[in-house]
Amino acid sequence: MPTCFLGTSLYDACPPSCRHSFAKQDVDEDCIAKSKLEAFLQDKVTFKIGFSAFSQIPAKNLEKFLWTNKDNLELITYFLYIGEPTLVREIIETFSNHTLSYLFKIDFENYMNLRESIKREKSIKHMFDIRSFKYWTFVSYLRICDLIQYLVRYLKEPEYACQFLTILPSEVVSNLSKYTGLDFEEEKSLYTALGDSIYELPLQSPKIYDHMLQLFAEDPEVSIILSTMEELVRRQNLILETSAKLTSYISDHRIDKYFQYIFSELNGIEIGTAEEILNQLLEKKMITPPQKRMIIDFLETGKLEL
């Protein structure tokens, strides 16, 4: 029975951290992880053996395996779906932009086919909220930015690249050209590919608003609508900045200290805006619903009832 260079047979799970330990060695001839993946597809080995092969196979071998046929592709995307975030990130970030773009386009097409059946689910705002595609959120923002550049500049497919804008941190979106290297026209094409969702972008990342006004200054249809959003964008910026400030403070202080701080920060802010800030703290589990009600009551009446 054939064995790998570590003496592991087809019917043994790959040793933990094998890929890390031998990453610098040329193990193509001796590594039988590919055979284990093929055997798993044929129901000849257990799930444990198949998943261990996925976890430990050298990156270049895994990428070749993925491209071989549709069954191989579906198996790898399944393992990416069920894998731990750290492992998935480690694996997927080794793939070339060519492979990543191919993977994403297939996922996006599957999402579009599913969209009709899930559009009533209020908890699903974009494709990355669906468990099957959530593994993309494990990838570092720098790797995502590199993929965005590849999709826009080399494949001329901004319609796929723009999907990632919803999962990038606000500070990255606000300085996108810095992180992606896209020029003026490329960046403009990326935002244009959002369609009507282009107007949601400055609400997600308010600091990009002034830059978008410059980008679309010669496009009356977009610039006119953007110009009407200034007050809304400034309000959203206040919500996001205050929420982040309070989150940081709450994490480092006792309840008696941070409640006083919340009151001082929200006092004088319009009550609807203050409530949205508190909703963000609630979503992050920084405060509880009763605590939110108590704070709102205090802001409305000026009296604190414990």
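Student: Which helix does Ile277 lie in?
Tutor: Keep in mind that this is a predicted model. Look at the run covering residues 271-283, where you'll find Ile277. That run is helix α18.

Student: Is Ile277 buried or exposed?
Tutor: Buried means under 20% relative accessible area. Ile277 comes in at 0%, so this residue counts as buried.

Student: Which residues is Ile277 in contact with, leaving aside its neighbours within four places in sequence?
Tutor: Skip those sequence neighbours, and look for heavy atoms within 4.5 Å. What's left for Ile277 is Leu238, Ile239, Thr242, Ser243, Leu246, Leu266 and Ile269.

Student: What separation do the C-alpha atoms of Ile277 and Asn61 have?
Tutor: Along the chain, Ile277 and Asn61 are 216 residues apart. In space, their C-alpha atoms are separated by 48 Å.

Student: Switching to rings, how many aromatic pairs does a search of the whole structure find?
Tutor: Rings of Phe, Tyr and Trp pair if their centres lie within 6.5 Å. Searching the whole structure that way gives 23.

Student: Is the pair formed by Tyr150 and Tyr154 stacked, edge-to-face or tilted?
Tutor: Both tyrosines sit in helix α8, 4 residues apart, about one turn of the helix. Their ring centres are 6.0 Å apart, with 35° between the planes. Stacked needs under 30 degrees and edge-to-face over 60, so the Tyr150 and Tyr154 pair is tilted.

Student: Which residues do ring pairs link into a cluster?
Tutor: Follow the ring pairs from one residue to the next. The cluster takes in Phe104, Phe108, Tyr111, Phe128, Tyr135, Trp136, Tyr160 and Phe164.

Notes. Residues numbered from 1 in each chain as written. Predicted model: local features only at pLDDT ≥ 70, side-chain atom pairs only at ≥ 80, totals over all residues. Heavy atoms only, no water. Helix = DSSP H or I, 4+ residues; strand = E, 2+ residues; numbered from the N terminus. Buried < 20%, exposed > 50% of the residue type's maximum accessible area, 1.4 Å probe, protein only.
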